[in-house]
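Subject: Structure handover

Hello,

Here is the structure I said I would pass on. Please open it beside this message and follow along; my notes come after it.

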Amino acid sequence: MVSHSRRDPPSRHDLHLAELLDFRPEQGIIRLHEQRVVILSAAAMGLMRKELVDTLGSETARRVLLRFGFADGYHDAVNLRARSNWSGPIEGLHAGAMLHTLEGIVRAEVRRVDYDAETGRFEEEVTWHDSYEAEQHLHHYGKSQAPVCWSLVGYSSGFASACLGKEIYFRETTCAGQGARHCSAIGRDVNSWGAESESIRADFQAASLGQEVERLRDAVGKRLKELDRREQLLERRERELNVLRDRVNRHAAARHFVAGSQAMQDVLEMTARVAPLDTTVLVYGESGTGKEFIVRLIHDQSPRAGAPFVSVNCAALTETLLESELFGHVRGAFTGAVRDKAGLFEVAGNGTIFLDEIGEIALTVQAKLLRALQEREIRRVGAERSIRVNARVVAATNRDLRAAVESGTFREDLYFRLGAFVITVPSLRDRRDDIPPLVHTFLVRAAARMKKDVRSVSAEAMSALMNYRWPGNVRELEHAVERAVILANYSNIRLRDLPPEVTQKSRPRPGDDTLDLQEQERASIERALERFGGNRRKAADALKISTVTLWRKMKQYGLS
Ligand SMILES: [Zn+2]
């Protein structure tokens with residue numbers, strides 16, 4: 001239990017807890033060498049320590065605990081000396097190690113003490129076994145980079161300072177909190193610490209706590225200001241974005257472009273963000289999804305809106321024709337080139353050039369296109385000199401260009417050039433919410449064009465439209481609605497008016513997909529009418545309502 005220095009002889013004044021502690025349970029008082037003490041669990045001390053670290057930061061917490069330990073050690077030394085009449089400071093140091101052990105804080109083992117009373121040089125090495133502080137630190141924070149037995153260092157420093165009547169400071173060199181088997185510390189008089197003495201002393205001086213708080217307050221103030229600034233910036237961005245969103249939505253509405261679904265709203269927002277930035281954009285999406293609309297939107301919402309917008313379908317032209325179309329040619333460049341011709345890059349000027357079906361262009365044209373993008377220069381077919389170009393390039397494709405790169409049909413460098421910003425337009429089946437408003441838009445348009453009084457869609461037909469896969473996306477839907485308007489015999493479109501592929505696969509029973517009572521009622525009336533070939537009397541009988549009620553409900557639901 002009691003430890004001794006290796007070099008010094010065992011102390012004659014071994015301390016015994018029984019001598020030091022005075023329990024008076026009836027009074028709720030415990031005294032340790034005449035001083036009242038309290039027993040706190042190591043876990044509670046550990047929690048308080050954690051509170052300090054978490055609220056003050058570990059640097060400040062370290063200093064607070066250093067000073068707390070220092071006061072504790074200093075106090076113990078003064079009291080112990082008064083009671084135990086030790087022969088000299090060295091004996092006192094051993095007593096301090098024992099007391100530290102008896103108090104259950106750490107098993108302290110003094111390994112070496114060198115003290116020269118004349119010069120005042122002092123050096124002590126101590127080993128600490130099972131430090132409660134290291135244990136608690138490991139428990140709350142895991143392994144530490146630096147030693148963590150701050151209050152122990154403080155205690156040893158305070159105790160030694162009181163014993164010797166001079167400034168002695170300890171420093172922990174290895175620590176169980178770092179994963180070592182035990183902790184080691186070294187103590188020296190302040191002068192022996194040399195260059196380090198100032199920083200060590202500062203750690204122990206209480207005055208710096210005020211500075212510490214001041215510093216923390218400053219730091220918090222700065223952080224708050226920074227946050228405030230960021231918030232303002234975000235607010236401004238949000239406002240700008242709202243203006244942009246608003247403009248885009250109005251643009252879409254003006255062109256009857258339905259974009260109510262979240263997926264499509266996200267695409268519009270992305271488009272609004274990139275439009276003014278002058279970067280190359282690649283619009284990806286299945287055919288019929290509305291890529292052209294997005295491309296046009298990019299042009300219209302960019303500073304180039306006043307300049308030309310030219311487009312070319314790369315899949316529709318042969319390699320030679322496409323090259324001449326894009327870059328132009330000089331007279332006699334090839335058979336049929338009877339005069340000089342400017343290419344679309346030149347025609348577009350400061351505007352936008354839209355390359356549709358970019359995935360289909362030949363490798364030779366890809367190389368020339370890459371040069372145009374990189375060097376902003378083109379050369380007409382058959383020409384000697386280059387021409388500067390400034391058009392913004394926006395491309396679209398329904399092909400997986402990455403796969404094309406892997407299979408060697410598309411240049412990787414061109415892919416990266418074009419794909420600087422990719423917008424993926426969702427397929428119609430990925431935004432089914434938009435189907436009813438789209439159907440309505442197409443219905444109104446087709447009915448007006450064909451001068452037919454078709455105003456609505458039966459629940460059954462709408463259900464089929466909602467459930468179909470739409471491989472041809474919005475374009476296919478538009479054609480389906482047009483066809484239905486042509487075929488419709490009533491003021492509403494029915495299931496049989498839809499293309500067979502739409503009605504074939506999923507033919508959900510009316511009312512299956514809705515809990516809406518009115519929808520169900522309407523569906524039942526429609527079915528009854530269909531079953532009895534429009535005979536209202538029979539339909540009413542089957543529905544168990546009067547013909548008058550049937551007539552009123554048909555009017556209500558727009559069923560003629
Ligand atoms: Zn330690």
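Helix 3 gives 6 residues to the lining of the largest pocket, the largest share of that lining. This is a predicted model, so please read everything below as a description of a prediction.

The largest pocket has a volume of about 830 Å³. Its lining is made of 29 residues, and those nearest its centre are Val37, Val38, Asp72, Glu103 and Ile105. By type, the lining residues of the largest pocket divide into 17 nonpolar, 8 polar and 4 charged. Helix 3 (58-84) is one of several elements that supply at least two residues each; among the others are strand 1 (21-24), strand 2 (29-32), strand 3 (35-37) and helix 2 (42-56). Helix 4 (89-102) and helix 6 (150-164) also belong to that group.

Three of those elements are strands, and they pair with one another as follows. Strand 1 and strand 2 run antiparallel and are joined by 4 bridges. Aspartate 22 stands opposite arginine 31 of strand 2. In this hairpin 4 residues lie between the strands, and glycine 28 takes a positive phi near 70 degrees. Strand 2 also pairs with strand 3, again in the antiparallel sense, over 3 bridges. There, isoleucine 30 stands opposite valine 37 of strand 3. The hairpin of strand 2 and strand 3 has 2 residues between the strands, and histidine 33 takes a positive phi near 30 degrees.

Next, the enclosed spaces. Rolling a probe the size of a water molecule over the atoms shows where empty space is left. How many cavities of 30 Å³ or more are there? The count comes to 3. The largest cavity has a volume of about 120 Å³. It is lined by 14 residues, with Leu93, Gly96, Ala97, Glu124 and Ser156 closest to its centre. Helix 4, strand 4 (107-116), strand 5 (121-129) and helix 6 each give two or more residues to this lining. The lining of the largest cavity divides into 10 nonpolar residues, 3 polar and 1 charged.

Further along the chain there is an open sheet of 5 strands, in the order 9-12-15-8-16, with parallel pairing. Which strands stand at its edges? They are strand 9 (309-313) and strand 16 (422-424); each has a single partner strand, so one side of each is left without a neighbour in the sheet. From one strand to the next, the twist averages 20 degrees. Within this sheet, strand 8 (residues 281-284) and strand 15 (residues 392-397) pair in the parallel sense over 4 bridges. Valine 281 stands opposite valine 394 of strand 15. Helix 9 (residues 262-274) lies across strand 8, strand 15 and strand 16, and runs at about 155 degrees to strand 16.

Last, the confidence of the prediction. The chain averages a pLDDT of 86, and 93% of the residues score at least 70. Among the elements, strand 7 (residues 183-189) has the highest mean pLDDT, 96, and helix 1 (residues 17-20) the lowest, 64. Over residues 1-12 the pLDDT is below 50, and this stretch has 25 contacts beyond near neighbours in sequence. Residues 506-511 also stay under 50, with 10 contacts beyond four places in sequence. Where pLDDT is low, the predicted coordinates should not be read in detail.

Regards

Notes. Residues are numbered from 1 along each chain as its sequence is written. This is a predicted model: local features need pLDDT of at least 70, side-chain atom pairs count only at pLDDT 80 or more; totals for chains, interfaces and linings use all residues. Side-chain values use heavy atoms; hydrogens and water are left out. Two strands pair if DSSP finds at least two bridges between them. Axes are lines fitted to C-alpha atoms, for helices over the stretch in contact, and angles run from 0 to 180 degrees between N-to-C directions. Contact means heavy atoms within 4.5 Å. On a 1 Å grid over the protein atoms alone, a cavity is a set of points where a 1.4 Å probe fits but cannot get out, and a pocket is an open set with protein on both sides within 12 Å along at least five of seven lines; lining residues have an atom within 4 Å of a point. Grid points are joined across faces, edges and corners, and a volume is the space filled by probe spheres set on the points. Ala, Val, Leu, Ile, Met, Phe, Trp, Tyr, Cys and Pro count as nonpolar, Asp, Glu, Lys and Arg as charged, and the others, Gly among them, as polar. pLDDT is the predictor's confidence in each residue, from 0 to 100.
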